[in-house]
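Biologist: I am new to this structure and would like to learn how to read it. Could you take me through it step by step?

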Amino acid sequence: MTQKKNILTGDRPTGNLHLGHYVGSLENRVKLQNDYNQFVIIADIQALTDNADNPTKVRNNILEVALDYLAVGINPEVSTIFIQSLVPEIAELTMYYLNLVTVNRLKRNPTVKSEIDQKSFGESIPAGFLTYPVNQVADITAFKASLIPVGEDQLPMIEQTLEVVRKFNRIYQPVLIEPEALISQFPRLPGTDGKSKMSKSLGNAIALADSPDSIEEKVMGMFTDPNHIRVEDPGKVEGNPVFDYLDIFDPEKDKVKELKEDYRRGGLGDVKVKRRLNRVLQNFLKPIRERREEYAKDPGEVMNILKKGSEKARIEASKTVTEVRKAMQIDYF
Ligand code: TRP
């Protein structure tokens with residue numbers, strides 16, 4: 001029997017997970033969890049790199065993110081869900097890896113760059129924030145992960161991981177694994193406003209935990225083709241998030257094809273298409289919400305899953321740290 005390979009992936013606990021997370025990564029995690037040894041990290045230390053002044057937010061979202069994981073079907077019996085700060089070996093590895101990365105390289109990381117623009121740090125970029133990609137390299141390598149299911153925005157992080165791994169293995173000993181990103185079939189879900197990315201901070205997200213009313217309100221208020229004014233007008237399907245969502249979530253593909261043709265031709269109103277999308281998303285999210293509510297009745301039990309997962313994760317990461325220290329000749333006794 002060949003040994004299962006490892007997956008490491010996860011999220012920052014800064015808010016409820018949404019449909020973008022689902023199609024970007026959660027779906028793959030559920031699909032792959034039986035074929036891989038999967039570790040799912042709730043990255044609280046990374047979350048603090050730009051929320052240092054808001055520890056309560058990070059703290060409260062640990063449970064929220066864990067509930068989202070369990071709700072979509074990440075099974076704690078087969079996947080190890082853990083809290084980053086409870087595995088201090090990751091912090092230790094981060095410190096070692098920082099010597100293998102230059103400040104200029106970090107400043108060029110496209111994801112970090114766009115986050116810096118978005119967050120208005122000005123000249124006051126926290127050193128922890130600039131270096132969080134290195135912390136993420138530690139997350140990945142601590143678990144000898146070879147596959148990383150993530151959204152497209154995380155590709156620069158995998159790129160940086162490869163660079164550090166190669167450099168480490170060349171300078172010291174070849175103990176680290178080169179990981180590969182697994183990008184979903186729909187790598188970037190647009191927001192309800194039609195902007196290129198669904199994001200809680202942009203206010204254009206449908207959360208997995210949203211109530212039926214809130215889902216309906218968001219769907220009925222979605223951006224569509226702005227030139228499709230009267231029902232008779234021909235409409236555009238491209239760049240129209242209502243159709244993007246139907247493509248992804250509507251199980252009746254033939255029907256979607258037909259709707260698109262009608263919309264393009266003219267004669268199909270936005271309200272009608274949105275009503276269909278509302279039904280589709282309500283059906284999709286209902287079992288997720290119900291499972292979430294079930295787990296939410298016993299938060300102690302959920303926290304216990306995280307505690308046990310973190311203990312297990314720590315054992316795994318310690319093994320890597322032992323090898324790393326040896327490779328770096330800091331294994332004194
Ligand atoms: N940076 C990821 C995000 O913002 C979260 C994350 C932390 C992560 N550590 C990771 C993702 C390791 C993949 C692998 O969503």
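Modeller: Let us begin with the domains, bearing in mind that this is a predicted model. The domain assignment of the protein chain gives domain 1 as 6-190 + 299-327 and domain 2 as 212-293, and the centres of the two, taken over C-alpha atoms, are separated by 33 Å. Where they touch, 14 residues of domain 1 and eleven residues of domain 2 take part in the contact.

Biologist: How much area do domain 1 and domain 2 bury between them?

Modeller: Domain 1 and domain 2 bury about 1100 Å² between them, with 72% of this on carbon and sulfur atoms. On the side of domain 1, Leu 19, Ala 71 and Pro 190 lose the most area to domain 2, and together they make up 46% of what that side buries.

Biologist: How many salt bridges are there between domain 1 and domain 2, and how many residue pairs are in polar contact?

Modeller: The count between the two domains is two salt bridges, and five residue pairs are in polar contact. The elements that give two or more residues to the side of domain 1 touching domain 2 are helix H1 (19-32) and helix H3 (55-72), and H3 gives the most, with six residues. By class, that side has ten nonpolar, two polar and two charged residues.

Biologist: Is Pro 174 buried or exposed?

Modeller: A residue counts as exposed when its relative accessible area is over 50%, and Pro 174 counts as exposed because its relative accessibility is 66%. Pro 174 lies in the loop between helix H9 (155-171) and strand S5 (180-183), and its C-alpha atom is 9.4 Å from that of Val 324, although the two are 150 residues apart along the chain.

How values were computed. Residues numbered from 1 in each chain as written. Predicted model: local features only at pLDDT ≥ 70, side-chain atom pairs only at ≥ 80, totals over all residues. Heavy atoms only, no water. Helix = DSSP H or I, 4+ residues; strand = E, 2+ residues; numbered from the N terminus. Buried < 20%, exposed > 50% of the residue type's maximum accessible area, 1.4 Å probe, protein only. Domains from an automatic or database assignment. Contact = heavy atoms within 4.5 Å. Buried area = accessible area lost by both parts, 1.4 Å probe. Salt bridge = Lys/Arg side-chain N within 4 Å of Asp/Glu carboxyl O. Polar contact = N/O pair within 3.5 Å; in protein donor to acceptor, adjacent residues only side chain to side chain. Nonpolar A, V, L, I, M, F, W, Y, C, P; charged D, E, K, R; others polar.
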